[in-house]
Each structure stands twice: as structure tokens, then as C-alpha cells.
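User: I am new to this structure and would like a guided walk through it. Could you begin with the vocabulary and then move to particular places?

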Amino acid sequence: MLNTASLIFLNGADPGRSITIDSAAQIGRGMECEVRLEDDQASRVHATLVHQNDSWFVEDCNSLNGTQVNSSPMDRKALQPGDLIRIGETMMLFCVDADQQIERQVSALGDQTRVRRIIGVEKRRIADDPIGSDSTSGPIRKLSCLYRLSKQIYQASDHDALLRFAITSIQQVLGAKEARVCLRTPAGRFKVYSTLAQDTTTNDQLHVLARWVVEKDEALLLDLNENVSWRSPDESIEKGTCLAVPINGSTTPIGAIECFQPEEDRAFSVPDLEFLISVGQHLGMAIENLKQRQRIDLANKNLRRRLGHSRQKLTGESQEMVKLRTQISRVGQTDITVLVLGESGTGKEVVSQMVHELSGRKDGPLVTVNCAAFSDSLLESELFGHEKGAFTGADKRRKGKFEMANRGTIFLDEVGELSAGCQAKLLRLLEGQPFHRVGGNDPVEVDVRIVAATHRDLETMVQKGTFRQDLWFRLRVVELLVPPLRDRGDDVLDLAEQFLLEFQKQRGDFHLRFSDEAIEAISQHCWPGNVRELRNAIERAVVLAGEELIHAADLGIQHGLAVLPTVVNDLVSLKEVEQLHVRNVLESTGGNKTKACEILGITRTSLYNKLSRMDLG
């Protein structure tokens, strides 16, 4: 059954005028439109209202100035009773099976003789100085209420408790029969908190009064008569006075406060309205601050969860790992420069996260830079920033990673890949000197702790002259060695179980376990890619395994092939060791060159060059 829709005009020459729509209507300035608007900002055919699939929709007709529903621009939107359609300066309330009471409410709001309005500069002045010389109705009680409300801004941790306190305070100070707060939801509709209701709903679903003051951002003192009811039919207040003010957020109103007083009680006055304006301002600040505090708490909770997850990855009871954790706990509390050494995939970045979290800089940023991921020319700009016009494409000044890490920690992964120019700048920075952005002359000073990491032998690089000795001395104030997985004993099995649980949690399925042969393969494999390779192997196995058991074949490793040769009687060259290692990694990854590059810590181009020299390309 089709419910008749109505559009009730909130402003214009005849507020409260209603147009009934049976199934569809065009809205605009054109003569052919069923809903004609005398609005210069409206297009000839601006929008259409249509009933489809038991719902009403409004659709913009490619108009010049657009159509808004509940203050949000839209192209097509399903409507609910009480939604506000705005075209240009024209505001229309959408209703279904509306009675004349709604029209009378809107008409009353537009009546210039029965409504006291406070708008613009006057409203802002009152919000800042609510107890002025002209406020004669209980100024001490009102000032006390505002003081208590201000305290709640800093003490409230519960949204609903804050609103209940505000409503109760308003009712007590003004002696109102009913007070209620209407807050806009993300969809632009209202959620109502009332002194008379146990829940957060009311029978007055259209909330005409709240919609009016929110959209117009004005405060109202309204005289009621027998023709206008502002509550449900069985409990209506037909005569008396009414107050309504917007609750102001940081930029726009986020809701409204309504107060009702029957004729037999004391009528509301202008000072009451001025007091309520200030309450709306304070309440808006309290709600916005509470939301911001909740967002910060959530962000901190997520950060703690991520850091906790990182610490969980650095698990293991082997002697080497216990020693490493002890060293991290001591070093982390200082501001000393740290060099983290270890093979690719051992967890050097996790170590840097723990060092940062244990330091006095934990509330500052932790910025990570993979020095091997950039060319020499780009790396200097990435680390130290550049000025506008420094090179082709530098269309504006850009901060480097060191500036971003100010008052925090910077983690330089693969520091052995730094160019000679970057090494010189880094050395000056470690010596307490400022640096310059690429193409710039202004010195830049930062307060940064440096944690560097590499899988390369920096001492050998120093001897070959490819890495500065003085920089090496500066970086290795404290060295932390992350042991390879093959030297951690039973830690490999504990990590395998941990990764198995992690990936099964993601899938919501906990039926898998390792077969005896899989456990043997995990224990005997050399894991040249270390923890990263192990994690990838377990993830692969969870996807490929059968109903209950994970077999060695599911892991993508071949037992014994990845064990590096031990030099006892036969001496082999470094070239032979490298070739064997590359072959083993490729076999362990099933020929996947992308994963092989991640494990080996080299680029895809470098891998192809090695394979070409080995005649395996």
C-alpha cells in the first residue's frame, strides 16, 4: 500500500505550507514541476521525489548547486520521515501520512509575533557571557549550574551519563516540565534523550523544533497555544512556553536542547533562553571533547596492541633470545645510538620497536626507512628532505624522515646501503650538527634517536672503503645481535605453533596440527630466511593442508637441502657458498622469486644477475 508523502516548507513566504505527493514529483523552478520553488539557486528541474520498492527516494537531476539531505550533499538517497531536504535556501521537511499538527508546528515557528529569536552575533555573545546584567531569573543558580557542567567536561567518561546530568541540571534550574536533548546521528537524524523516557526515543519522530534550530542555528522562545502540540497526543503540552537552542559543535550544530512549560507553571523568559544558549555551548564542547578523548583512547589502545603484538613476535627461550631481551631492556631506557645486526628476516625491526617503546621517546614518532629501497639520489631526499625546485618534480618543499622523527626515533634499516653523501650527512647529524635539505641553505636541527640495522658486514665494508669508519664507530655505540633461527634450538617449533594459531584465528578454523614429519622438517631445516621464511611457510601450509594434518610438503621446504655446508675438512669459496644458498632459498620458496628476494634481502634485478652468473636464469 502506497503511503502518501508530504513536503512541508520550513521557510520562504509561507512556512508550514504542505504539498502532498502521491507517487512521484519533480522539484524545481520550472512551471512543469509539481513542487515549484521560488529560489534563485534552484535549477529548472532540480530534483525528483519518487516512490519505489515501498520506499521514497530523492534524486538530484544534475542540478547546478546540488541537493542536500540532512545537511549532506547527495545524488540519490532513501528518505525517512523527518529528513530535511535543502535546495538552495529552501528547506522542506519530508513526511509520510503527515497530519495538520506538523504543519501547525512549522507555521508557529515561522510566526514572527509569537517567537523570540536570538541569532548570529547576539547568540555568540550570550554564550560567552550568560549571566549578564539583564539576566534576572535566578542568576546564582544558573551560574552554579554552568560551573558544574563545566566540571563535567573534564570529568565525564560516559556519553549517556553526561547527557543525563545536563538534562537534570537544566530541568532543576529552569523548573521545566520536560527537557530533552536531540543529537544528530551520522545519518543526519536525531537520537533523543528525555527526562520523561527511560529509553532514548520519543513519539515525536519528526523533531520539527530540533530540526528548525539546528538547520537555522538560532535559539527560540515560543509561546504555545491550543493549536500546537509538541509532545505525543496523549501527553501534549498545548499551552505555555517552549525553549529551543542549538548545541554547537566545533564547526556546526550537532543537536538541540528543548524545554517545555505548561501554562499553569511559570512561563519561560528571555534570561532563561540566554541561560540555555550558554548550556548548549558548554554541552557541545563537552560532547566534542569526550568524542576526541575516546578517539585518542582508541588510538592508544590500538598502538599498545600493535606494540604488544610486536613484542610477542620476539619470543623464544633459547639462551641467545633471553640475552637479547635483557640487552634491549637495558639499552631501551637510554638515548644511546644502537646498531642491530642480524640476517634478513630475523626480526631487526621488531627490536627497534621495542627499543623505542622502552625509551623516554615512546610518545614521539617511530619512523622507519629502508635504505635499500631507494636509489642514491632519492635516498638523500627521503632522509633529509628537499626544497622546492631542488630537482625535476620537486614542486614544493618536503620534509625528510629525520624531520618527521623529531623528538622520536628513526630506524635506518639496511644502513649499509647508504651512499657516500648520505653517510657524510648522517655523521654530521650524529655529531650534533644541523643538516641541510637537498637544494637548501637553511640549517635544520632535529632531536632524534638513531637505531640502525644491517645484515651486511660493516667491518669488511670499512676495510674496502665502501663505508666510513668514523660513521661505523658512531653507529656501533651498542650492538645488538639478533641470532639466526637455526641457532635458536627449540624456538623454531614454538614460533611455528604461534604462527599456526595466528593464521587459524584469521580463518576462524582451529582444526589443523603438525604431523610428525612436518615437525621433523621444521626442526631440521636451516631457515635461511629466518623468522620471515618460517612465517611464510606456515601461512602457505594453513592454506594448502588437508583436513587435519600439516605435512612437510605443505610447508614448501625440502628436508636437508637448506642446510649450509659446514667447513671441517673441505674448504669452499664464498662464491660456492653463495650459489648453494641462493639455490636452497629458491627451492624452499618453490621457485617464487619475489619471496626469494625478500628472504635474501636483495632486489629482483640482483637476483636475476646472480642466476645469470650461475646459469640458472
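Analyst: Helices (H or I, at least four residues) and strands (E, at least two) are DSSP runs, numbered from the N terminus. By that definition, the protein has 20 helices and 26 strands. Please note that this is a predicted model: local features need pLDDT of at least 70, side-chain atom pairs count only at pLDDT 80 or more, and totals for chains, interfaces and linings use all residues. Residues are numbered from 1 along each chain as its sequence is written, and side-chain values use heavy atoms, with hydrogens and water left out.

User: What percentage of the residues in the protein is buried?

Analyst: Buried residues make up 48% of the 617 in the protein. Here buried means under 20% relative accessible area, exposed means over 50%, and partly exposed lies in between (1.4 Å probe, protein chains only).

User: And what about contacts with a separation of 6 or more?

Analyst: Of those contacts, 64% join residues that are 24 or more positions apart. A contact means heavy atoms within 4.5 Å.

User: Let us turn to sheets. What is the order of the open sheet of 5 strands?

Analyst: The order is E4-E3-E5-E6-E9, and the pairing is mixed. Its edges are strand E4 (35-36) and strand E9 (76-78), each of which pairs on one side only. Two strands pair if DSSP finds at least two bridges between them.

User: How many bridges link E5 and E6?

Analyst: Strand E5 (residues 47-52) and strand E6 (residues 55-60) are joined by 6 bridges in the antiparallel sense. Within this pair, Thr 48 stands opposite Glu 59 in E6.

User: What comes after E6?

Analyst: A loop lies between E6 and strand E7 (67-69), and Asn 62 is located in it. The phi of Asn 62 is near 55 degrees, a positive value in a residue other than glycine. Asn 62 counts as exposed because its relative accessibility is 78%.

User: Is Val 45, in the loop between E4 and E5, buried or exposed?

Analyst: Val 45 is buried, with a relative accessible area of 18%. Leaving aside neighbours within four places in sequence, Val 45 is in contact with Gln 26, Ile 27, Glu 32, Cys 33 and Cys 61. The C-alpha atoms of Val 45 and Gln 26 are separated by 6.6 Å, although the two residues are 19 apart along the chain.

User: Why is strand E15 described as largely enclosed?

Analyst: Strand E15 (residues 219-224) has 5 of its 6 residues buried, so the rest of the structure largely encloses it. E15 pairs with strand E16 (residues 240-248) in the antiparallel sense over 5 bridges. In that pairing, Leu 222 stands opposite Cys 242 in E16.

User: Now the helices, please. Which residues of H9 are buried?

Analyst: In helix H9 (residues 376-384), the buried residues are Leu 379, Ser 381, Glu 382, Leu 383 and Phe 384. They pack against several elements, including strand E19 (366-370), strand E20 (408-413) and helix H11 (420-430). After H9 comes Gly 385, with a positive phi near 80 degrees.

User: And why is H11 largely enclosed?

Analyst: In H11, 8 of the 11 residues are buried, so the helix is largely enclosed by the rest of the structure. Among them are Cys 422, Lys 425 and Leu 430. The elements that the buried residues of H11 pack against include H9, H10, strand E23 (448-454) and helix H13 (469-475). Gly 432 follows H11, and its phi is positive, near 90 degrees.

User: What is the nearest side chain of opposite charge to Lys 348?

Analyst: That is Glu 414, 4.7 Å away; Lys 348 is buried yet has no salt bridge. A salt bridge is a side-chain nitrogen of Lys or Arg within 4 Å of a carboxyl oxygen of Asp or Glu. For charge, Lys and Arg count as positive and Asp and Glu as negative, while His and the chain ends are not counted.

User: Where is Lys 348, and what lies 2.9 Å from a polar atom of its side chain?

Analyst: Lys 348 is in helix H8 (residues 348-357). The backbone oxygen of Glu 343 lies 2.9 Å from a polar atom of the Lys 348 side chain.

User: Where is Glu 414 placed?

Analyst: Glu 414 is in the loop between E20 and H11. Its phi is positive, about 55 degrees, although Glu 414 is not a glycine. Glu 414 counts as buried because its relative accessibility is 10%.

Key. A polar contact is a pair of N or O atoms within 3.5 Å; within protein, one must be able to donate a hydrogen and the other to accept it, and residues adjacent in sequence count only if both atoms are side-chain atoms.
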